[in-house]
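Here are my notes on this model, written as numbered points. Have the structure open while you read.

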Amino acid sequence: MNIEQQIAHLKKLAAALSPRQIAGLVAVFVGVVGVVVGSAYWLSRPTYTLLVADMDAETASSVVSKLKDEKVPYQLGDGGRTVSVPVERADELRLSLASGGLPSAGRIGFEIFDRPAFGTTEFLEHVNYRRALEGELARTIGTLSEVASARVHIAMAKDSLFVDQEQPAKASVVLRLKSNRPLAPSTVKGIANLVAGAVESLRPESVVILDTYGRSLTPEDGDDDDAGSTADVDRQQRIEHDLSSRVVALLEPVVGPGRVRVNVAAHINSSAVDETEEHWDPETVVRSKQTSTETGALASVAGGVAGARANQPPALSTSTAPKTANAGAAASGAKAGTVSTPAPSLAATLPSAPSRMSETTNYEVGHVTRHTVSPQGGLARLSVAVILDDERVSAKGSDGTVQTTTRPWDTKDVQRIHDLVAAAVGLDPQRGDQLTVENIAFDVPAAEPPAPRPTVVQQVGDLVRDHGLGALRGVAILAIALFALFGVLRPMARQATKLNQAPALPAPAGTAAARLPTVQEMEGQIEAELDAVGPGNPRRLPVLTKRVAKLANDEPEQLARIVRGWIAEDEH
């Protein structure tokens, strides 16, 4: 059949149906098509996965603009803070956004100076520098593991000729935390020092830090003790972790990986100690000793009254003068070869006097002063506990297989390990440190048997579990389409075709088959009856009226089709 015949058939079918039937048929057809199209769209709809989460409005706008430029479908969620993309393009888009510096929390950094602007005033240069510095600091703080995003506001210092009119630099930091819990004081202090170190003339105490709930994270003046205790706890945990890692790294090559457990307890001094200690030695010590001795007349002369006469040598007697002269002569005679007697000395001629001796000795008492200062946070005592698993011994069996057995460690080996650990942690017995090394067998769980190879049924089950949903969607769409085609549209088309055909008149009595006459047969019967009456017979009109009334009572639909056909013939 060609297209014209199809169109004519449709026209004939539409003419045979009532308006309600046509409207119902159209509604059913539209519903079936909508179900099929909707199911096909649901089947082909991509699966979305999370691309970026916890974004502010500026960052989300940048990410969405990037996705629109690349013509990538996306979905927004959580009030515009999360963006989802098709799962097959998620990794590619993450790399693409990272190469473009997204997400960047909407902060502008020093890239603001990448494009030079002509005609910029000095004021705008200062403003841009402050904006860039705030953006860079916000990005740096946002890299912390406990911080989701940050905003930084800086008030630059203003210099003045008068000291009392100078305005110091100040800064404010607002943090959006991931865990919604206050940060540790050490982390808050680190952020304050970071901001203070990046801004000129900014002191750490001039940095105010808040979270998005309005809680002040900056420690107050009265929180110094709490901050000190928290610092002590952090230091204690760091010492314990470092020493434990050091001992484990030392012993694992000896006893085997995972077969040693180390627990370190460090006690920290929570208060500073400043003490002065003095010791006195009961035994005396000679510091210095001085001795003075005087003997003879010269000593007595020298000890006279101070003055000019006392300082002069004693006068010689008259009896000694000639001897002196003779002495001179003797000296001259000696030169001539004569021998003379020597003159007596001055000490021999002076009268003798008693001798005098004095001695002075100085003693010192021993004195020791010791000044000790112990700062807060020092290591007061250390306790270390080490547990060793049994020693593994491998032996080759008679069949050539290697079998591994366990046995306790020897006492000498345990003592050697004890000495190694003591040297590694810097054990000081005088300080009260303790070290315990014990050999205790570990509880080893029974080895699980290897998983059996999956059977065909299990493989089919895995395929159904992995791809069953997609296959179920396809089967459901196919079933809906077949039901709509063969269960709705085809029966309606058949019903419409039957309605288009006129039912036959009831068969006369005595006939075995009761078949309804067609429209042509009914028209022929009416014409036969009219011809039997004859033209011009006055009974022709009553017969025709009676026939038409009977046909209207018995088959009103068929009569309507006949009349409609006559009208259509007259129009043509």
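1. Ser-201 sits in the loop between α6 and β6 (207-211); helices (H or I, at least four residues) and strands (E, at least two) are DSSP runs, numbered from the N terminus. The phi of Ser-201 is positive, about 60°, although the residue is not a glycine. With a relative accessible area of 51%, Ser-201 is exposed. On the cut-offs: buried means under 20% relative accessible area, exposed over 50%, and partly exposed in between (1.4 Å probe, protein chains only).

2. Lys-71 also deserves a look, as a residue with a positive phi of about 55° that is not a glycine. You'll find Lys-71 in the loop between α3 (57-69) and β2 (75-77). Its relative accessible area is 74%, so Lys-71 is exposed.

3. A word on what we're looking at. This is a predicted model, where local features need pLDDT of at least 70 and side-chain atom pairs count only at pLDDT 80 or more, while totals for chains, interfaces and linings use all residues. Residues are numbered from 1 along each chain as its sequence is written, and side-chain values use heavy atoms, with hydrogens and water left out.

4. For the overall picture, the protein chain has 15 helices and 13 strands. Of its 572 residues, 20% are buried. Take the contacts (heavy atoms within 4.5 Å) between residues at least 6 apart in sequence: 67% of them join residues at least 24 apart.

5. Now helix α5. At 1.5 Å a residue, its 21 residues should span 30 Å, and the end C-alpha atoms are indeed 30 Å apart; the expected span is 1.5 Å times one less than the number of residues. The buried residues of α5 include Asn-128, Leu-133, Glu-134 and Ile-141. Among the elements covering the buried residues of α5 are β4 (147-155), β5 (170-177) and α6 (185-198).

6. Which side chain of opposite charge is nearest to Glu-134? That would be Arg-130, at 4.1 Å, and Glu-134 is buried without a salt bridge. A salt bridge here needs a side-chain nitrogen of Lys or Arg within 4 Å of a carboxyl oxygen of Asp or Glu. For charge, Lys and Arg count as positive and Asp and Glu as negative; His and the chain ends are not counted. Setting aside neighbours within four places in sequence, Glu-134 is in contact with Val-152, His-153 and Ile-154.

7. Glu-136 is in α5 too. At a relative accessible area of 23%, Glu-136 is partly exposed. Glu-136 and Val-152 are 16 residues apart in sequence, and their C-alpha atoms are 9.2 Å apart in space.

8. Helix α11 (residues 411-425) also agrees with its expected span: its 15 residues should cover 21 Å, and the end C-alpha atoms are 21 Å apart. Its buried residues are Val-414, Ile-417, Val-421, Ala-422, Ala-424 and Val-425. They cover an arc of only 160° around the axis, so they lie on the same side of α11; the arc is that of the directions from the helix axis to the C-beta atoms. On the other side of α11, Lys-412, Arg-416 and Ala-423 are exposed.

9. Check both ends of α11 as well. At the start, a side-chain oxygen of Asp-410 comes within 3.1 Å of the backbone nitrogen of Lys-412. After the helix comes Gly-426, with a positive phi near 70°.

10. The structure holds 12 salt bridges. Lys-66 pairs with Glu-70, their closest N and O atoms being 3.8 Å apart. Glu-92 and Arg-89 meet at 3.6 Å, N to O, in another salt bridge. Asp-433 forms one with Arg-431, with the closest N and O atoms 2.5 Å apart. Salt bridges that share partners also join Arg-259, Asp-389 and Arg-392 into one network.

11. That brings us to Arg-259, in the loop between α7 (224-255) and β7 (260-268). Is Arg-259 buried or exposed? At 16% relative accessibility, Arg-259 counts as buried. Its side chain reaches the backbone oxygen of Asp-390 at 3.0 Å. Leaving out neighbours within four places in sequence, the contacts of Arg-259 include Ile-387, Leu-388, Glu-391 and Phe-442.

Definitions and conventions:
A polar contact is a pair of N or O atoms within 3.5 Å; within protein, one must be able to donate a hydrogen and the other to accept it, and residues adjacent in sequence count only if both atoms are side-chain atoms.
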